[in-house]
Amino acid sequence: MEKQAVIEFQNFSFQYYSQAEPTLHDINLKIYPGEKILIVGPSGSGKSTIGHCLNGLIPFSYQGEIKGSLKINGLETKNLDIFRLSKMVGTVLQDSDGQFVGLTAGEDIAFALENDNIPHTEMHARVGKVAEMVDMQNWLTSSPFELSGGQKQRTSLAGVMIDDVDILLFDEPLANLDPATGKTAIEIIDDIHQASQKTIVIIEHRLEDVLHRPIDRVIVLEEGRIIADMNTHDLVSSTILKETGIREPLYVTALKYAGVRVTSDTLPGHITTLNTDLSRQALTTWHKTIIKQDWRNTNPSILKMEHVYFSYDGKRQILDDISFDIREGEMVSIVGKNGAGKSTLSKLLCGFEKEDRGTIYYRGEDIKDKTIKERAEIIGLVMQNPNQMISKPMIYDEVALGLRLRNVPEDEIAERIEKVLKICGLLPFRNWPISALSYGQKKRVTIAAILVLNPKILILDEPTAGQDFRHYTEIMEFLVEINKLGITIILITHDMHLMLEYTPRAIVLAGGRIIADTAASVVLTDSQVIAEANLKETSLFHLAQLAGISDGTAFVQGFIDYERELKDR
Amino acid sequence: MTVKAKLFSYNLLDTPIHELSGLTKLICFLLLTFAVMFSYDIRVILAVMVFSFIVLKISRIKFSQIRLMVIYVLIFLVTNAVISFFFSPEEGVKIYGTRHNLVAIYGGMYITWEQIFYQVTKFFKYGSVIPLGIIFLLTTNPSEFASSLNRIKVNYKAAFAVALTLRYFPDVQREYRDISLAQQARGLDLSHKAKFKDRFKNALMIIIPLIFSTLDRIELISNAMDLRGFAKNKTRTWYTTRRMNRKDFIALAISALIFISTILISVFINHGRFYNPFI
């Protein structure tokens, strides 16, 4: 007898009332009890919509037309309400900060019980028990401000597990986490899967990070259709990832560069299962053939911090003796876990906050007395979320804003805007309303609005957060273009791929101090720096070890050089 | 960030006032507010005001935390006083039944001692509610407050909305600050140098992005709440509730005493809501 599926889509289609086309087409999918499923797909492929259908937000909060059938535990979801569904499917949303309903961790975990009228004493007992499962028992009285990103996510997880649901749904669990915390999150999910045998569905586009632990099946979505439903080894050895614009694991890319044919019998789905018996030779040979590039920048200094100290309250030192020297035309990343002082650093540079001690130099000149407005003409800051910057309905007006506030004559404004929109690839849209743009395009508008002031240095806070591989590449290649025009770029980021591929140099902050200021390849292979800054060792390093290449750092650097060569060709 | 974000929001401190249950504080707040709202006896009002300043001191609220609110309230009270004088300059005479002219102003209008006394009383009457409100707001855990409201039969959805607003206030405040700085970097002048009309337009440049990012936040939080069964039943229970203990009853007794004394003073001494020094 066939096993009863816990989730069953049958010829399922869904169209939002606000959209002209269906978002999901003819989905047929069965998920069995205790399976651990990963759903991947580029932005707009419909993967979040599938999640919403499973947890009942569709049609409860987002309305649209449903065709076909979706059964959970044998019950047709159309006939259930979101409350009954939430007893079967527990959802951990991607933004663990925004979904923190309670004032403390304990209260947040208890939220579902409160709504079920569970008496006070029983509630506290159950919260205590679930908190132990996710190791949060000592933090129950802490407020969200006092918790780290990982702890907030564990709180959210406890908050859905408290209902003893059958299915746990994770909607982009890695989106807001630093690499080390993301890795831990995947481990926690796996541990819970092992211990409880619950069905687990993970929606995420960061494939390699999820594959840190085993996955039973991967479902690939593209344009609302399922185009693949296979195990990790088959998927990674196929061409599907490349075709759909999902980033394949870096070690797989390296194998391909080395001319190795990646087949499923070498178990390439996880780096830990990968069999390198046949590829060792090829990797070593390839590594030797790469021409070393010299990325050192010998231009004069453009931005220099010397022994800078800063504290908000006079007690806790946020920046502690920071010194670095960035040269003209460099592209540098500043990395470190939340609270390490990255954002504060950028606030000091822009003049939003004043350093307690120390000096900041722009081209050798102390900029202490420059106001926020004056500094903005040298150093432009692009915030993470474009919605935080956009204040005009039309693209042209938004970009013109900074110039109009500086009383630049309208005809000069028109000229400068045309130039900057051209650089940003937005010229055809100049008379469009901003609301018609995609997220990536909005990001460009905010960059254009800053670039139009002709800053010499651009600081971007997490420029690619939440972007799929295609948009990520688009934004980053665009920044490379700007960089080539001579603008120095400083990126504040968690993203290790970004660091590796785009910034030859990385400054690593931990506890308000600089613990490393060197090549990204060195940073991501130095276990001590990795541990202190909540980073994660790159799988390329692991691959070098498997292949018996002793200098792993050189191997990683070789990969970067090779890839840049390919792109520049 | 850390220090500034905590302005204007609940801070957990270890004081006798913080230890009281939210319900106690709500009832005490209402009792004392009713007392000063009922009485027009400046002696009673000043006494309550002194009392509330003492409580403010006990709850270790710093002036820097409340400066902004105090300034706004003062502006409001002064405007209110000026306007009410011009609308009804004879109110005091009507109430106290005597006339002691102080100065004559335009068109047979007089400033009378009665009017001044009446308006000063009113000023302190409203003024004394402010410290009470501040104490309540800054020493009450929003969730516990919601559960207290719910216990006195306020609909729990409304009660929760209040708590949620208080809960997200620091977040929105922080976001406002970030947006404002980023816009200033683009050349926005928020200082007093800008013209009034421009300042209004400039403020919009911060408010609009703030609204959009707040709307994003609201969508997220309401989804999160739906997914965990909020508003499913007619009632709900609360994780954060505090049982009433001796301290609560003492606080309630003190407040009730003040309230009753106020009524008694009105009934037996003043024979009305007004204290009349003119007869």
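**View 1. The contact between domain 2 and domain 3 of chain A in the predicted model.** Between them, domain 2 of chain A and domain 3 of chain A bury about 1,100 Å², and carbon and sulfur atoms account for 56% of that area. The domain assignment places domain 2 at 249-289 + 538-569 and domain 3 at 301-537, with domain 1 at 7-245. Although the C-alpha centres of domain 2 and domain 3 of chain A lie 32 Å apart, 13 residues of domain 2 are in contact with 14 residues of domain 3.

**View 2. Polar links and contributing helices between domain 2 and domain 3 of chain A.** The count between these two domains is 1 salt bridge, and the side chains of A:Glu477 and A:Arg564 meet in a salt bridge with an N to O distance of 3.5 Å. In addition, 3 residue pairs are found in polar contact across the interface of the two domains, both residues of a pair being at pLDDT 80 or more. On the side of domain 2 that touches domain 3, the elements giving two or more residues are helix H22 (539-546) and helix H23 (552-568) of chain A, and H23(A) provides the largest share, 8 residues. The residues of that side of domain 2 comprise 5 nonpolar, 4 polar and 4 charged.

**View 3. The interface of chain A and chain B.** Here 63 residues of chain A are in contact with 53 residues of chain B, and the area buried between the chains is about 5,200 Å², of which 56% comes from carbon and sulfur atoms. Across this interface there are 6 salt bridges, including one in which the side chains of B:Arg228 and A:Asp108 meet at 3.7 Å, N to O. Polar contacts join 29 residue pairs across the interface of chain A and chain B, with both residues at pLDDT 80 or more. Several helices of chain A each supply at least two residues of the side that touches chain B, among them helix H3 (82-86), helix H5 (120-133) and helix H17 (439-451), while the largest share of that side, 10 residues, comes from H4(A). By class, the side of chain A that touches chain B holds 32 nonpolar, 18 polar and 13 charged residues.

**View 4. The surroundings of B:Asp14.** B:Asp14 lies in the loop between helix H1 (2-5) and helix H2 (16-19) of chain B, and B:Asp14 counts as exposed because its relative accessibility is 60%, where exposed means over 50%. Leaving aside residues up to four places away in sequence, B:Asp14 touches B:Glu19 and B:Arg60. The C-alpha atoms of B:Asp14 and B:Ser59 are separated by 8.5 Å, although these residues are 45 residues apart along the chain.

Technical notes: Residues are numbered from 1 along each chain as its sequence is written. Chains are lettered from A and ligands numbered from 1 in the order in which they are written. This is a predicted model: local features need pLDDT of at least 70, side-chain atom pairs count only at pLDDT 80 or more; totals for chains, interfaces and linings use all residues. Side-chain values use heavy atoms; hydrogens and water are left out. Helices (H or I, at least four residues) and strands (E, at least two) are DSSP runs, numbered from the N terminus. Buried means under 20% relative accessible area, exposed over 50%, partly exposed in between (1.4 Å probe, protein chains only). Contact means heavy atoms within 4.5 Å. Buried area is the accessible area (1.4 Å probe) that two parts lose on being put together, summed over both. A salt bridge is a side-chain nitrogen of Lys or Arg within 4 Å of a carboxyl oxygen of Asp or Glu. A polar contact is a pair of N or O atoms within 3.5 Å; within protein, one must be able to donate a hydrogen and the other to accept it, and residues adjacent in sequence count only if both atoms are side-chain atoms. Ala, Val, Leu, Ile, Met, Phe, Trp, Tyr, Cys and Pro count as nonpolar, Asp, Glu, Lys and Arg as charged, and the others, Gly among them, as polar. Domain bounds come from an automatic or database domain assignment.
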